[in-house]
Amino acid sequence: MSRGILAGLLLSALTLPGISRSDSAVSIEFNGATFVLKYHKTLRNGVINEYFLPTESVESWTQLISVQWFAELDDHRTAVGDLIKTLLGYNPQARYDAWKSDDGLFTGVDFLTWQGDQYVEFNIFVYRAHSAGRGLVAQQYAARAYGEDRRAFMAGLDALRNEMLEKVMGYRFPEVIAE
């Protein structure tokens with residue numbers, strides 16, 4: 001869902017403090033876990049970097065961290081509105097909550113969506129101006145559960161949402177890697 005939802009919005013970027021490189025693998029730490037860059041795409045108008053747990057794949061994952069740069073976007077409120085429209089186009093019954101910072105520097109949305117009986121997915125996106133003043137950056141955390149694990153995931157969703165909103169808001173996301 002992460003690439004699918006954002007395909008119409010996408011993103012060339014800058015370099016990155018706060019990451020580790022070993023044997024050409026790029027990794028970051030979040031919430032006590034290591035995430036490895038496993039998906040990178042440079043598009044005409046930006047860049048997508050997606051980090052997954054080391055044992056998981058782009059096709060099958062339980063947690064994701066993503067940093068995306070959109071060169072031609074400049075209004076984080078509009079970007080969140082566009083994301084919500086795209087989300088509801090994929091799943092009209094998806095649940096979401098949009099919010100903005102008190103200082104007006106960023107806007108975010110968290111949402112729950114699903115694909116039939118295959119999986120359920122919770123996402124947090126925060127949109128803000130790029131630190132270099134060019135375009136917008138989207139910072140994402142997502143958690144997903146498959147099959148029988150969906151029931152327990154849903155039972156713990158309120159606690160997960162509260163915990164992860166706080167952690168995402170306090171996390172220093174890496175800059176986008178353009179290479």
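**Exercise 1. Salt bridges across the chain**

Task: How many salt bridges does a search of the whole structure find, and which parts of the chain does the pair Glu72 and Arg44 link?

Solution:
- Step 1. Keep in mind that you are working with a predicted model. Searching the whole structure gives seven salt bridges.
- Step 2. Now pick one of them: the side chains of Glu72 and Arg44 meet with an N to O distance of 3.8 Å. The cut-off for a salt bridge is 4 Å, so this pair falls within it.
- Step 3. Find both residues in the chain. Glu72 sits in the loop between strand S5 (63-70) and helix H2 (76-90), while Arg44 sits in the loop between strand S3 (33-43) and strand S4 (46-52). The pair links distant parts of the chain, 28 residues apart.
- Step 4. Check the surroundings: both Glu72 and Arg44 are exposed.

**Exercise 2. Buried or exposed?**

Task: Is Asp110 buried or exposed, and which residues share a salt-bridge network with it?

Solution:
- Step 1. Start with the bridge between Arg161 and Asp110, whose closest N and O atoms are 2.5 Å apart.
- Step 2. Arg161 belongs to helix H4 (residues 157-170) and Asp110 to strand S7 (residues 106-115), so the bridge ties together parts 51 residues apart in sequence.
- Step 3. Buried means under 20% relative accessible area. Asp110, at 3%, counts as buried, whereas Arg161, at 23%, is partly exposed.
- Step 4. Move on to another pair: Glu121 and Arg144 form a salt bridge with an N to O distance of 2.6 Å. Glu121 lies in strand S8 (residues 119-129) and Arg144 in strand S9 (residues 136-146), 23 residues apart. Glu121 is buried, with a relative accessible area of 0%, and Arg144 is buried at 7%.
- Step 5. Finally, look for shared partners: salt bridges join Asp97, Asp110 and Arg161 into one network.

**Exercise 3. The two faces of helix H2**

Task: What span should the 15 residues of H2 have, and which residues of H2 are buried?

Solution:
- Step 1. With 1.5 Å a residue, the 15 residues of H2 should span 21 Å. The end C-alpha atoms of H2 are 21 Å apart, which agrees.
- Step 2. List the buried residues of H2: His76, Ala79, Val80, Leu83, Ile84 and Leu87. These residues cover an arc of only 140 degrees around the axis, so they lie on the same side of H2.
- Step 3. Turn the helix around: the face away from the buried side of H2 carries the exposed residues Lys85 and Gly89.
- Step 4. Look at the start of H2, where a side-chain oxygen of Asp75 comes within 2.9 Å of the backbone nitrogen of Arg77.

Key:
Residues numbered from 1 in each chain as written. Predicted model: local features only at pLDDT ≥ 70, side-chain atom pairs only at ≥ 80, totals over all residues. Heavy atoms only, no water. Helix = DSSP H or I, 4+ residues; strand = E, 2+ residues; numbered from the N terminus. Buried < 20%, exposed > 50% of the residue type's maximum accessible area, 1.4 Å probe, protein only. Expected span 1.5 Å × (residues − 1). Arc of directions from axis to C-beta. Polar contact = N/O pair within 3.5 Å; in protein donor to acceptor, adjacent residues only side chain to side chain.
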